[in-house]
Amino acid sequence: MESIYWVVSWYCHRTCPHCYDERFRPYVGAQLESLVKEAASAYPEIVRNLPARMTYLDAADPFADGRPSEKVGSIILAGGEVLTDPVRERILYPLLSLLHDRYEANGGVKLVVQTTGDLLTDGILEELLDHHVWMISVSGLDGFHKGLETEEAREALRTKLVGLLEARGLVLHAPLAKDARDAPDSGRYYQLWGATPDTWIGKLWPRGRGFSNELTTATLADNFCNRWSGGLNFLAHRYAGSEVSIDPSGDVYPCCPKTRSPVGNLRNRKLEEILDGLAGNPVYEAISMGHPERMGLAHGWSVERFLENSTIVTPSGRTVRNLCVGCDRFHQDVLGAPVTGEGVDRK
């Protein structure tokens, strides 16, 4: 598989207004301890059910005989904020070691750590590199993060991070996960980005606090499914362009914003078995093709009906229309997924 996006913990040191999932927030005391323990007990079982080789075939870069070349895929470890003390020490570092040991002699893996950036220090960076991290992806350079509301504040953090990262020999690389395929396997890299208008997430998913705080500007024209970190090509797990999302419990989803129900759990099934078991299923084939509006055709939902159900009303009464909303509604009304999240009226 080219990419696995793994949320290793819901714990974050912030409660950002634009976040796509309400579970990303500070936890304290017994609640924090329970959260960390649960994630720490889950990740060894999850790793055992990841692909034996974390590689993929790239038909766009064939060998001389026309066969697709085999390239090394990435596992992106994210939160929440993975550099907070309890997550970093008890989950992130041992998980990085486990992943490195699993793949070192079996095709390799590109280990990526995603962080908001403000907790990164030279000492932590040294520890990350010692744990075989190939790329540091800084995702918090936007005005939604507390303390970074002004361009001056963001530029100050950017300057600090560039100095820190480049002093350790890391090289700037394009701020989009799929572009990792263009970077040589050797060397170390960093990315600097945020939820800004020029990024693929700039309009914000109609999810979580991004929705309830009415920050999403997504429309029907914004097909998040048909792009990187959406569901596009997730079923073609042996080939370039495939990515799945994993949450701390091991639940697997076709996309980062997540369908209302997972497609399986890695604590009891292998990832390839989960994905291969969905082959031919018209719901998930439609998602994998980047056409979520067609997921209900075999269930009596025409494209027109799907689009009619892609409407949601914000707390203030503003209407939002986006295909992610239609996906939610289909999963709830047809597939029996639990109603979660905003709890607002739909048209």
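Welcome to this structure, which is a predicted model. A good place to begin is Cys 19, which counts as buried because its relative accessibility is 13%. Cys 12 is buried too, with a relative accessibility of 8%.

Why do these cysteines form no disulfide? A disulfide needs two cysteine sulfur atoms within 2.5 Å. For both Cys 12 and Cys 19, the closest cysteine sulfur belongs to Cys 16, and in each case the gap is too far for a bond. A search of the whole structure likewise finds 0 disulfides. The table sets the two residues side by side.

| Residue | Relative accessibility | Distance to the sulfur of Cys 16 |
|---|---|---|
| Cys 12 | 8% | 5.9 Å |
| Cys 19 | 13% | 6.6 Å |

Next comes the interior. The largest nonpolar core holds 92 residues. Which of them touch the most other members? They are Ile 4, Trp 6, Leu 50, Ile 75, Leu 120, Leu 128 and Ile 136. Leu 50 makes a handy example: leaving aside residues up to four places away in sequence, Leu 50 touches Ile 4, Trp 6, Ile 75, Leu 99, Arg 102, Tyr 103, Ile 246 and Leu 266.

Finally, have a look at the second largest pocket, whose volume is about 240 Å³. Its lining is made of 13 residues, and those closest to the centre are His 100, Gly 108, Val 109, Lys 110 and His 132. Helix H2 (85-103) and strand S5 (110-115) each contribute at least two residues to this lining. By type, the lining has 6 nonpolar, 3 polar and 4 charged residues.

Methods
Residues are numbered from 1 along each chain as its sequence is written. This is a predicted model: local features need pLDDT of at least 70, side-chain atom pairs count only at pLDDT 80 or more; totals for chains, interfaces and linings use all residues. Side-chain values use heavy atoms; hydrogens and water are left out. Buried means under 20% relative accessible area, exposed over 50%, partly exposed in between (1.4 Å probe, protein chains only). A nonpolar core is a set of buried Ala, Val, Leu, Ile, Met, Phe, Trp, Tyr and Cys residues joined through side-chain atoms within 4.5 Å. Contact means heavy atoms within 4.5 Å. On a 1 Å grid over the protein atoms alone, a cavity is a set of points where a 1.4 Å probe fits but cannot get out, and a pocket is an open set with protein on both sides within 12 Å along at least five of seven lines; lining residues have an atom within 4 Å of a point. Grid points are joined across faces, edges and corners, and a volume is the space filled by probe spheres set on the points. Helices (H or I, at least four residues) and strands (E, at least two) are DSSP runs, numbered from the N terminus. Ala, Val, Leu, Ile, Met, Phe, Trp, Tyr, Cys and Pro count as nonpolar, Asp, Glu, Lys and Arg as charged, and the others, Gly among them, as polar.
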